[in-house]
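Trainee: Could you walk me through reading a structure like this one, feature by feature?
Mentor: Gladly; let us look at it together.

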Amino acid sequence: MNSISITEQAWWQEGIIYQIYVLTYADGNGDGTGDLRGIIERLDYLNDGNPDSETSLGIDAIWLSPINSSPMVDNGYDVADYTNIGEVFGSLSDFDELVAKAHHRGIKIILDLVINHTSDQHPWFKESSSSKDNPKADWYLWQDAYEGREFPNNWQSYFGGTGWTYSPEREQFYFHTFNTSQPDINWHNPDAKAAIHDIIRFWLDRGVDGFRMDASSVYVQDPYFRDNPMKYEASNKNDYNNYHHLYDKDLPENHQVIKEIRALTDEYDDRLIIGETFIDSRLYDSVTYYGTQNDELHLPITFEFPFSPWSPGYLQREIEKKEKLTPEGAWPTYFLDNHDIPRHLSRWIDCSLCVDSDAIAKAAATLMLTIRGTPILYYGQELGMVDNINIPADKLQDRAVIISETGDTPPPRDGARTPMQWDDSPHAGFSFGQDASPWLPVNDNYKQLNVVNALQKTDSILNFYRQLIRVRKQSTALRRGKWRSLIHYPYEHLAYLRETATETVLIVINFAYEQPFALDVPINKENWTVLLSTVYETGKVIDLADNLTAFEVSLFQKIR
Ligand code: NOJ
């Protein structure tokens with residue numbers, strides 16, 4: 001087995017991952033929809049290979065939201081051809097060019113791998129639904145509704161209502177964790193599994209550096225199709241959240257499926273598998289996906305950290321939980337934003353300590369880039385982009401959610417998916433097609449909030465991210481060091497250390513106005529070098545002050 005020993009630092013432990021929602025990042029052909037050519041043209045912004053660059057962000061890997069051929073009911077999370085690129089995104093030769101040019105700049109490429117389900121337009125599903133005895137009849141989860149029941153069992157769709165849809169052609173129901181157009185694959189079927197392994201090899205052979213595995217904790221369902229027990233006192237039977245997901249999620253076989261994918265990727269050199277341990281999973285479920293021998297996911301992601309309130313006590317509790325629950329030899333990961341949830345500056349806008357959104361953005365950036373683990377940034381986060389909450393109904397694109405007819409459907413996720421704000425030209429520089437309508441409307445604030453402006457403004461959020469990323473790259477303690485808090489229960493500020501044998505970095509984040517710099521664990525306050533601060537000049541050597549300035553963020557270093 002050619003797996004990276006986790007005691008050495010792999011690229012995905014040291015590096016910073018940046019998620020690109022391809023449909024709205026950069027439109028290279030002017031048709032209003034983001035594509036691979038657009039990303040190729042913007043690679044220098046992400047990382048131009050020059051550590052002292054004045055304009056580049058300096059990230060190490062990009063995770064592309066799905067780019068395969070798809071009818072786009074769930075905007076690519078419904079794949080109709082796994083080994084091709086969707087026409088709107090470009091071609092396989094564009095993809096090869098992207099990989100080559102990204103690698104040339106030291107940027108790794110991570111693909112979204114959507115293998116819990118296919119689109120109902122995928123040839124596998126078309127064949128499977130055509131009869132009960134075709135060669136792919138068992139590749140999906142087909143059932144009759146027994147004993148006069150309306151549906152085969154009570155499993156729900158995460159997008160609302162029953163998880164079962166009737167196929168008149170096959171005269172049976174198929175199960176879908178998500179939209180009715182996203183039938184779940186039957187992972188118990190060896191031929192289906194082998195076909196998916198071939199797809200994984202196809203992309204690994206093409207040079208991708210890893211996968212973000214979509215919905216990776218709901219691959220396997222109970223072969224006996226038993227009903228899920230309802231939660232105590234829950235009444236709405238059409239609500240996914242009202243069930244204990246004993247039989248449609250986190251099954252032991254799910255671990256086996258992932259273990260096999262890990263073994264496959266380990267046949268290649270240092271490739272990465274990130275898994276979305278599903279949105280409502282708890283950390284203690286999620287960490288089991290590291291595997292008992294670190295032989296499953298490299299990085300399981302879970303939503304407890306982003307869903308924490310913007311409050312130092314809660315955030316520290318989430319970090320402490322992760323520090324305690326991450327198994328020996330495994331590595332944590334954190335994110336704040338992605339394409340499924342509102343952006344953090346929109347989520348946290350109403351909290352009591354949130355006075356200045358620039359201050360929150362810089363504090364959030366500091367947290368993400370200085371706690372122990374791999375940070376996953378979401379495009380536009382580095383600018384301080386917020387959700388577009390004024391998208392007219394006829395412009396919404398999140399059809400997978402909108403067209404679910406029954407039950408409590410989640411709200412559309414379009415607000416956090418609007419075009420990247422590059423400059424103040426029409427369409428924010430996202431698309432040069434003057435007549436083309438951008439895939440989603442650009443946020444009105446783009447005239448002020450855009451990359452060109454932000455690069456020119458010394459104290460912009462973007463320049464703060466850029467500096468922080470450089471500081472992190474130059475500090476072994478920030479990338480690898482142990483994490484240790486200096487406050488037992490923080491109310492208004494966080495203070496923690498990242499430590500190696502030879503270097504200590506002290507990180508201080510003030511969530512409030514001027515206040516005493518109180519610590520529960522005493523430290524020597526003399527002679528700290530300022531690495532980056534909203535108050536002190538970089539490079540200065542200072543004694544720590546008795547008070548913290550309002551919303552101060554500071555990183556100080558000591559070398560032994
Ligand atoms: C999780 C993805 O992040 C989300 O966007 C998608 O709708 C579902 N999985 C279904 O693929």
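**Fold and overall form**

Mentor: The secondary structure of the chain comes to 15 helices and 21 strands, where helices (H or I, at least four residues) and strands (E, at least two) are DSSP runs numbered from the N terminus. This is a predicted model, in which local features need pLDDT of at least 70 and side-chain atom pairs count only at pLDDT 80 or more, while totals for chains, interfaces and linings use all residues. Residues are numbered from 1 along each chain as its sequence is written, and side-chain values use heavy atoms, with hydrogens and water left out.

Trainee: What does the radius of gyration of the chain say about how compact it is?

Mentor: The radius is taken over C-alpha atoms, and the globule rule is 2.2 Å times the number of residues to the power 0.38. Here the chain has a radius of gyration of 24 Å, close to the 24 Å that the rule gives for 560 residues, so it is as compact as a globular protein of that length. Along its principal axes, the C-alpha trace spans about 75 × 55 × 50 Å.

Trainee: What share of the residues in the chain is buried?

Mentor: Buried means under 20% relative accessible area, exposed over 50%, and partly exposed in between (1.4 Å probe, protein chains only). Of the 560 residues in the chain, 61% are buried. For contacts (heavy atoms within 4.5 Å), take those between residues at least 6 apart in sequence: 68% of them join residues at least 24 apart.

**Backbone angles**

Trainee: Which phi values should I look at in residues other than glycine?

Mentor: Look for positive ones. F551 has a phi near 55° and is not a glycine; its place is the loop between strand 20 (547-548) and strand 21 (553-559). F551 is buried, at 16% relative accessible area. M72 also has a positive phi, about 65°, without being a glycine. M72 sits in the loop between strand 3 (68-69) and strand 4 (81-85), and its relative accessible area of 16% makes it buried.

**Charged pairs**

Trainee: How many salt bridges does a search of the whole structure find?

Mentor: Side chains of opposite charge can pair when their charged atoms come close. The criterion is a side-chain nitrogen of Lys or Arg within 4 Å of a carboxyl oxygen of Asp or Glu, and the search finds 28 salt bridges. One of them joins D44 and R105, with the closest N and O atoms 2.7 Å apart. D44 lies in helix 3 (residues 43-46) and R105 in the loop between helix 4 (92-104) and strand 5 (108-113), so the pair ties together parts that are 61 residues apart in sequence. D44 is partly exposed, at 38% relative accessibility.

Trainee: Where do K101 and E97 lie?

Mentor: Both are in helix 4, 4 residues apart, about one turn of the helix. Their side chains meet in a salt bridge (2.8 Å, N to O). K101 is partly exposed at 35% relative accessible area, and E97 is partly exposed at 24%.

Trainee: Are R212 and D112 buried or exposed?

Mentor: Both are buried. They form a salt bridge whose closest N and O atoms are 2.9 Å apart. R212 lies in strand 9 (residues 210-213) and D112 in strand 5, so this pair ties together parts that are 100 residues apart in sequence. Elsewhere, salt bridges that share partners join D74, D340, D398, R413 and R417 into one network.
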